[in-house]
Protein chains: 2
Amino acid sequence: MCKSLFMGVALASVLISQVGAVELPDPESVRTDRLQLMQGFPPVADKQITLASFMRPYPNPRWSFHHAREFFSSRRVARGNEGVYVLPREQGREQQIAGLTFAAPDGRQMTFGQYLDETYVDGVLIMQHGKVLFEQYQAGVDELQPHILWSVTKSVVGLLATQLIAEGQLDAEALVTDVIPELESSGWRGATVQQVLNMTADINYSEVYADRDSDVMKYSLAAGMAPVPHDYAGARDIYSYLPTIGQGEDEPGVAFRYRTTHTEVLGWILRRVSGLSTAALIEQRIWSKLGAEQDGYMLLDSKGTEWAGAGFNVTLRDLARFAEMVRLDGQFNGQQIISPEVVQTIREGADREAFKAAGRDFQPGYSYRNQWWISHNPDGAIEALGIHGQMIHINPAVGLVMVRQSSHPIASSAATMPLSIPAMAALADLLR
Amino acid sequence: MCKSLFMGVALASVLISQVGAVELPDPESVRTDRLQLMQGFPPVADKQITLASFMRPYPNPRWSFHHAREFFSSRRVARGNEGVYVLPREQGREQQIAGLTFAAPDGRQMTFGQYLDETYVDGVLIMQHGKVLFEQYQAGVDELQPHILWSVTKSVVGLLATQLIAEGQLDAEALVTDVIPELESSGWRGATVQQVLNMTADINYSEVYADRDSDVMKYSLAAGMAPVPHDYAGARDIYSYLPTIGQGEDEPGVAFRYRTTHTEVLGWILRRVSGLSTAALIEQRIWSKLGAEQDGYMLLDSKGTEWAGAGFNVTLRDLARFAEMVRLDGQFNGQQIISPEVVQTIREGADREAFKAAGRDFQPGYSYRNQWWISHNPDGAIEALGIHGQMIHINPAVGLVMVRQSSHPIASSAATMPLSIPAMAALADLLR
């Protein structure tokens with residue numbers, strides 16, 4: 001059962017060199033409309049997807065990633081009762097964008113359309129200066145269906161944390177344990193809120209998606225992301241699990257290491273400071289103000305606690321509204337939703353030397369600030385990333401926003417970023 | 001753990017005489033806004049509600065019945081992207097209705113407002129000739145929050161089944177096993193679709209909510225409504241459970257006996273005939289056409305199968321739209337949503353002698369037709385009922401619709417109907 005959470009590929013998430021060796025299915029062969037997943041009453045055994053097979057075997061994620069609430073308990077993030085902010089459109093650019101070519105790392109000339117196919121995209125939407133130029137769905141997804149964002153969730157939570165800091169409700173330099181005394185004996189002892197935001201707090205915790213002995217498995221089981229094994233004696237909810245994580249070997253603040261549990265601690269901090277659940281905080285502060293088309297939702301553990309690091313599900317268009325709001329320094333749909341200095345803080349980025357500790361060579365020159373990936377490229381692009389190819393890409397210089405939802409067979413961003421980075425650069429050049 | 005599903009009251013659901021002996025909490029004392037249920041991060045232990053405590057102890061249902069998706073996996077029933085059909089209102093009737101008096105069975109003169117309080121209402125909406133006269137929420141519910149309908153779900157499913165019969169897609173006189181061969185060795189062998197609709201098919205199955213040894217417990221565990229005990233060896237999904245239910249002692253068609261598993265079989269039949277999940281069928285045929293305000297949702301078992309007999313959750317106003325559509329013979333929001341002959345079929349009712357077998361003395365003169373309760377009173381009122389006080393009441397003679405959602409401490413309708421019947425009669429007389 002433990003195995004069920006992971007892709008069956010021999011991939012250490014940080015080692016891009018291994019990605020090339022993985023046997024990936026032809027994207028055309030794993031279109032959901034021909035897979036017949038979860039069709040029939042009851043579905044035949046090999047088309048049935050349950051909590052135990054939500055993540056694997058492939059191609060189950062092609063269906064389950066846009067039906068996540070059918071496997072987990074969830075809390076609504078309501079769009080509210082206001083009108084929809086209709087995204088304006090500029091017609092006639094689709095073919096140009098789909099046919100755009102760029103050089104892939106393996107030397108191939110690749111079209112943008114091939115990039116989308118080969119990274120198993122479920123939906124992609126591209127905007128420039130607020131107008132939709134390109135919108136495409138695959139794998140049975142459409143504009144009505146929320147799709148799991150995985151760690152793009154972190155960037156939503158990080159934005160809200162930065163907002164509460166700007167308002168003086170949360171002190172970035174406070175010790176985590178000053179806000180959450182329950183973590184006094186944990187690895188977060190001595191770390192500041194800012195170090196949690198930047199993931200430089202040092203804990204004894206590993207996050208390698210392809211390794212079933214990695215600590216991320218313990219987190220997953222505590223959060224209820226997979227059925228627990230018969231003899232399971234570990235934590236069964238997020239609040240019980242976090243205090244059991246011990247101290248790492250480094251000093252806090254020195255090295256960036258990507259750990260979802262930092263965001264779960266951040267979620268705990270925001271709940272305690274705001275008095276709101278993560279779902280309610282997102283809803284009140286952001287989602288009800290975006291003119292969103294559909295309700296979103298957060299996935300929950302057995303105690304009703306949101307997966308603050310992974311559990312947000314929204315439609316592609318609503319994700320685009322959120323991303324456009326960030327591009328516009330928080331001003332969107334006639335309101336200042338997030339303070340301009342909040343977005344500015346994130347854009348500044350963090351220590352690029354500290355970033356190198358994570359060994360993410362597929363993101364050269366990046367830093368990680370307040371749960372966002374900062375490219376430090378000449379256009380000042382910033383990104384939100386989730387496993388299996390989820391992405392927000394914001395290029396302020398070109399006025400470009402791309403959001404993508406996907407179900408790549410490989411969890412790690414090492415599988416998609418080597419294509420996404422040159423693809424985004426080519427797109428920016430086209431639109432410049 | 002088994003115990004968790006049932007109220008801790010010594011109540012045989014059919015014995016109204018015992019209801020009076022139950023010690024019920026003062027309704028004022030179990031208002032959620034003072035109960036602090038699920039407040040705090042994490043909530044303190046006695047305010048924490050989980051899957052195991054969703055139903056009990058009281059007052060947990062006061063919170064959990066309008067947060068059901070936070071305990072279970074669920075499938076959306078979308079309102080669609082059409083405009084809202086705004087319910088017209090007639091102002092100035094609230095006080096008159098709240099102050100209306102009637103004689104309770106125990107001889108007390110009771111106001112309509114007291115009736116609502118004493119039956120632990122969470123929300124109630126009254127319409128006459130399509131105009132809202134009265135709308136009230138308690139217990140933290142509001143117009144945005146879906147609330148579990150429990151067995152009112154059955155009436156939605158029954159209406160759709162009757163529609164498919166009217167269209168010739170389903171033969172009411174077909175054997176159940178002709179449609180679902182998987183039930184060949186079950187208690188449904190020899191029963192017709194119509195007998196399932198009227199719950200006169202005879203199976204070896206008891207449904208007494210206050211008896212933990214009743215078969216309804218097995219159904220509940222199979223459907224995933226409660227955590228299974230450690231040594232549980234029974235079915236873990238609805239499709240696996242239904243074929244294990246054996247034949248009863250009577251002939252099919254003779255006696256009405258209320259069993260949720262009949263509706264689960266009906267759900268299976270509709271899925272097979274329509275090729276749609278129950279959620280999709282409700283959405284496509286009804287919910288997307290009502291001009292509903294909010295998405296609804298169906299709760300699911302571990303295989304993603306809807307609880308066709310119990311799992312629909314919608315807002316009070318959207319339930320009112322549905323009820324008004326039925327009152328208007330299927331014509332609502334500018335469309336003929338359900339055929340007039342479908343509603344006519346239901347209104348005709350069924351065999352009142354057969355009804356008596358169920359011993360439901362608290363519904364004198366009633367029959368049960370196609371998953372609806374038919375009063376056979378002079379006004380031709382029909383009803384949909386769910387445990388813990390859920391109700392749709394439609395009085396065609398007076399043009400009256402009342403919908404109520406509630407969290408009564410007692411599951412059986414025996415606890416609410418002795419008050420609801422005279423309350424509805426008094427309301428009808430007021431509006432006549």
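In the predicted model, A:Asp329 adopts a positive phi of about 55° just after helix α13(A). The helix that precedes this residue, α13 of chain A, covers residues 316-327 and contains twelve residues. From its first C-alpha to its last, α13(A) reaches 16 Å, close to the 16 Å expected at 1.5 Å a residue. Twelve of the twelve residues of α13(A) are buried, so this helix is largely enclosed by the rest of the structure. The buried residues include the charged side chains A:Arg317, A:Asp318, A:Arg321, A:Glu324 and A:Arg327, and A:Leu316, A:Leu319, A:Phe322, A:Met325 and A:Val326 are also among them.

A positive phi likewise follows helix α6 of chain A, where A:Gly168, just after the helix, has a value of about 80°. The 15 residues of α6(A) should span 21 Å at 1.5 Å a residue, and the end C-alpha atoms are 22 Å apart, which agrees. Helix α6(A) is mostly covered, with 14 of its 15 residues buried.

Packing of α6(A) against another helix of the same chain was examined next. Two packed helices are described by the angle between their axes and the distance between the axes. The axes of α6(A), residues 152-166, and α11(A), residues 260-274, come within 10 Å and cross at roughly 40°. This angle makes α6(A) oblique to α11(A), since angles under 35 degrees would count as roughly parallel. The crossing of α6(A) past α11(A) is left-handed. On the α6(A) side, the contact involves A:Lys154, A:Val157, A:Leu160, A:Ala161 and A:Leu164. These residues meet A:Thr263, A:Leu266, A:Gly267, A:Leu270, A:Val273 and A:Ser274 of α11(A). By class, the contact between α6(A) and α11(A) comprises seven nonpolar, three polar and one charged residues. An α-helix has 3.6 residues a turn, so residues three or four places apart point the same way.

In chain B, helix α6 (residues 152-166) was examined together with helix α14 (residues 340-348), and the two axes come within 9 Å and cross at roughly 120°. Helices α6(B) and α14(B) are therefore oblique to each other, and α6(B) passes α14(B) in a right-handed crossing. From α6(B), the contact draws on B:Leu159, B:Thr162, B:Gln163 and B:Ala166. The partners in α14(B) are B:Glu341, B:Val342, B:Thr345 and B:Ile346. Four nonpolar, three polar and one charged residues make up the contact of α6(B) with α14(B).

The contact between the two chains takes 24 residues from chain A and 24 residues from chain B. On the side of chain A that touches chain B, the elements giving two or more residues are β1 (74-77) and α11 of chain A. Helix α11(A) provides the largest share of this side, three residues. The residues of chain A that touch chain B divide into eleven nonpolar, six polar and seven charged.

Several features of backbone geometry were also noted. Most residues other than glycine have a negative phi, and most peptide bonds are trans. In chain A, a cis peptide bond joins A:Phe41 and A:Pro42, with omega about -5°. A second cis peptide bond joins A:Tyr58 and A:Pro59, where omega is about 10°. A:Pro42 lies in the loop between α2 (32-35) and α3 (61-64) of chain A, and A:Pro59 is also placed in the loop between α2 and α3 of chain A.

In chain B, the loop between α2 (32-35) and α3 (61-64) holds B:Met38, which has a positive phi of about 55° although it is not a glycine. B:Met38 counts as buried because 21 C-beta neighbours lie inside 10 Å. B:Asn333, in the loop between β9 (331-332) and β10 (335-336) of chain B, is another residue other than glycine with a positive phi, near 55°. With 17 other C-beta atoms within 10 Å, B:Asn333 is partly exposed.

B:Gly80 is located in the loop between β1 (74-77) and α4 (94-99) of chain B. B:Gly80 is partly exposed, having 16 other C-beta atoms within 10 Å. The C-alpha atoms of B:Gly80 and B:Gly234 are separated by 38 Å, and the two residues are 154 residues apart along the chain.

Key
Residues are numbered from 1 along each chain as its sequence is written. Chains are lettered from A and ligands numbered from 1 in the order in which they are written. This is a predicted model: local features need pLDDT of at least 70, side-chain atom pairs count only at pLDDT 80 or more; totals for chains, interfaces and linings use all residues. Axes are lines fitted to C-alpha atoms, for helices over the stretch in contact, and angles run from 0 to 180 degrees between N-to-C directions. Helices (H or I, at least four residues) and strands (E, at least two) are DSSP runs, numbered from the N terminus. Angles under 35 degrees count as roughly parallel, over 145 as roughly antiparallel, 65 to 115 as roughly perpendicular and the rest as oblique. A crossing is left-handed if the near helix is turned anticlockwise from the far one by less than a right angle, and right-handed if clockwise. Two residues are in contact if their C-beta atoms, placed from the backbone, lie within 7 Å. The expected span of a helix is 1.5 Å times one less than its number of residues. A residue is buried if 20 or more other C-beta atoms lie within 10 Å of its own, exposed if 12 or fewer, and partly exposed in between; C-beta atoms are placed from the backbone.
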